[in-house]
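Subject: Structure handover, with notes on helix packing and empty space

Dear colleague,

Here is the structure I promised to pass on to you, together with some notes on what turned up in it. Please open it alongside this message, so that you can follow the residues as you read.

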Amino acid sequence: MRTATYFFIFLNLSLAVFEEPAVYPLPFLATSLVEVLCLLVFFGRLMHFAKITCRNVFWKDTKNICIMVAILLSLTDLAIYGALRIYNIKSIRWSRIVRPIFLVNFAESRQIRRAFRSIRNTLPEITYVFLLFMFSLLMFSLMALKLFSERNLQTAEGLPYFRDYLGIVFDLYVLVTTANSPDVMMPAFDFSSWYALFFIAFVIINTYIFMSLFLAVVYNNYKKHLKVISEQVNCD
C-alpha cells in the first residue's frame with residue numbers, strides 16, 4: 001500500500017509535465033483520466049484509514065481533512081476546466097498548487113511532514129536576519145539612486161541605468177547572488193572607476209557577510225528543531 005501510494009502521488013505530480021502549458025503535451029482526455037484515477041486511489045486510501053480508525057480520531061486529524069479538501073478542489077477544477085474547454089474558453093488549472101498536499105499529508109509521508117515542521121519552526125527565528133538584510137539592500141539602493149540617477153548613464157542595451165528605485169532594488173538583489181556581476185556595475189565603472197568601491201562594499205556586506213550569516217542561522221535552527229522533533233517522535 002505504501003509503494004502504491006507513493007507511485008500515484010508521483011504520477012499525480014508528474015501530470016504538470018504533460019498538461020498545458022506542458023513540456024511534453026498530451027491530450028486533455030488522457031491527463032484528466034490519469035488524474036481521476038489518482039484521486040480515486042487517494043480517496044480509497046482515505047476510506048481505508050476511516051475504516052481502521054475511530055470516527056472521532058479520524059475527523060480530528062487535520063491531515064485527513066486536508067486530503068479530502070484537496071480531492072474536492074481537484075475534481076471541481078477538473079470539471080470546470082473541462083466544461084470551459086468544450087466551449088473553447090481558455091482557463092487555468094489552479095488546482096495544481098494543491099497537489100503537493102497529497103505528498104505531505106498521507107501517513108506514509110511522516111518524514112516529509114517532519115521536515116516541513118522544522119522549516120515552519122525555523123522561519124520566525126530567521127526573520128530578524130532577513131529584515132537586516134532587506135534594510136541593508138534598501139539603503140544601498142537608495143544610495144545608488146542618489147549616486148547614479150542624475151548621471152544619465154545607460155546600460156549596454158541603451159536602457160536607463162539606475163534611475164528607478166524599485167529597479168535598483170531588484171538589480172542589487174540579483175547582484176547578491178552574483179548572477180549579474182559585473183554587468184550591473186560596468187556602466188558606473190566606465191563613467192568613473194571610483195564607483196567600483198560602492199559595489200565592492202555592497203558585495204562584501206551583503207553577499208559575504210549577510211548571506212553567510214543567513215545560511216548559518218537557517219542551518220543551525222533547522223538542525224536544532226529537527227533534532228527536537230526526532231526526540232519527541234522517539235519518546236512517543
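In this predicted model, helix H6, which covers residues 110-148, and helix H7 have axes that come within 9 Å and cross at roughly 125°, and H6 and H7 are therefore oblique to each other. An angle counts as oblique when it is neither under 35 degrees nor over 145, and also lies outside the range of 65 to 115. The crossing of these two helices, H6 and H7, is right-handed. On the H6 side the contact is made by Phe133, Leu137, Leu138, Phe140, Ser141, Leu142, Ala144 and Leu145, which meet Tyr165, Ile168, Val169, Leu172, Tyr173 and Val176 in H7. Sorted by class, the residues of this contact between H6 and H7 comprise 13 nonpolar, one polar and no charged.

A second pair to look at is H2 and H4, whose axes are 11 Å apart and which pack at an angle of about 160°; that angle makes H2 roughly antiparallel to H4. The crossing in which H2 passes H4 is left-handed. From H2, the residues Phe28, Ser32, Glu35, Val36, Leu39, Phe42, Phe43, Leu46 and Phe49 take part, and they meet Asn64, Ile67, Met68, Ile71, Ser74, Leu75, Leu78, Tyr81, Gly82 and Arg85 of H4. The contact of H2 with H4 has 13 nonpolar, four polar and two charged residues.

H2 also packs against helix H1 (residues 2-14), and here the axes come within 10 Å and cross at roughly 145°, with H1 passing H2 in a left-handed crossing. H1 contributes Thr5, Phe8, Ile9, Leu11 and Asn12 to this contact, while H2 contributes Val34, Glu35, Leu37, Cys38, Val41, Phe42 and Arg45. By class, the contact of H1 with H2 divides into eight nonpolar, two polar and two charged residues.

Turning to empty space, how many cavities of 30 Å³ or more does a search of the whole structure find? The search finds one, and the volume of this largest cavity is about 90 Å³. Its lining is formed by Phe18, Glu19, Glu20, Leu26, Phe28, Thr31, Tyr81, Arg85, Arg93 and Arg96, and the elements that give two or more residues to that lining are helix H2 (28-52) and helix H4 (62-86). The cavity lining has four nonpolar, one polar and five charged residues.

As for the pockets, the largest has a volume of about 350 Å³ and is lined by 18 residues, of which Thr155, Tyr161, Asp171, Asp183 and Val184 lie nearest its centre. Helix H7 (165-176) and helix H8 (186-191) are the elements that give two or more residues to the lining of this largest pocket, and H7 provides the largest share, three residues. In terms of class, the lining of the largest pocket has nine nonpolar, four polar and five charged residues.

The second largest pocket has a volume of about 210 Å³, and the residues that line it are Glu20, Pro21, Tyr81, Arg85, Asn88, Ile89, Lys90, Ser91, Ile92, Arg93 and Arg96. Its lining has four nonpolar, two polar and five charged residues. When you look at this region, note that Glu20, Tyr81, Arg85, Arg93 and Arg96 appear both in the lining of the largest cavity and in the lining of the second largest pocket; among them, Tyr81 and Arg85 also belong to the H4 side of the contact with H2.

With best wishes

Definitions and conventions
Residues are numbered from 1 along each chain as its sequence is written. This is a predicted model: local features need pLDDT of at least 70, side-chain atom pairs count only at pLDDT 80 or more; totals for chains, interfaces and linings use all residues. Side-chain values use heavy atoms; hydrogens and water are left out. On a 1 Å grid over the protein atoms alone, a cavity is a set of points where a 1.4 Å probe fits but cannot get out, and a pocket is an open set with protein on both sides within 12 Å along at least five of seven lines; lining residues have an atom within 4 Å of a point. Grid points are joined across faces, edges and corners, and a volume is the space filled by probe spheres set on the points. Helices (H or I, at least four residues) and strands (E, at least two) are DSSP runs, numbered from the N terminus. Ala, Val, Leu, Ile, Met, Phe, Trp, Tyr, Cys and Pro count as nonpolar, Asp, Glu, Lys and Arg as charged, and the others, Gly among them, as polar. Axes are lines fitted to C-alpha atoms, for helices over the stretch in contact, and angles run from 0 to 180 degrees between N-to-C directions. A crossing is left-handed if the near helix is turned anticlockwise from the far one by less than a right angle, and right-handed if clockwise. Contact means heavy atoms within 4.5 Å.
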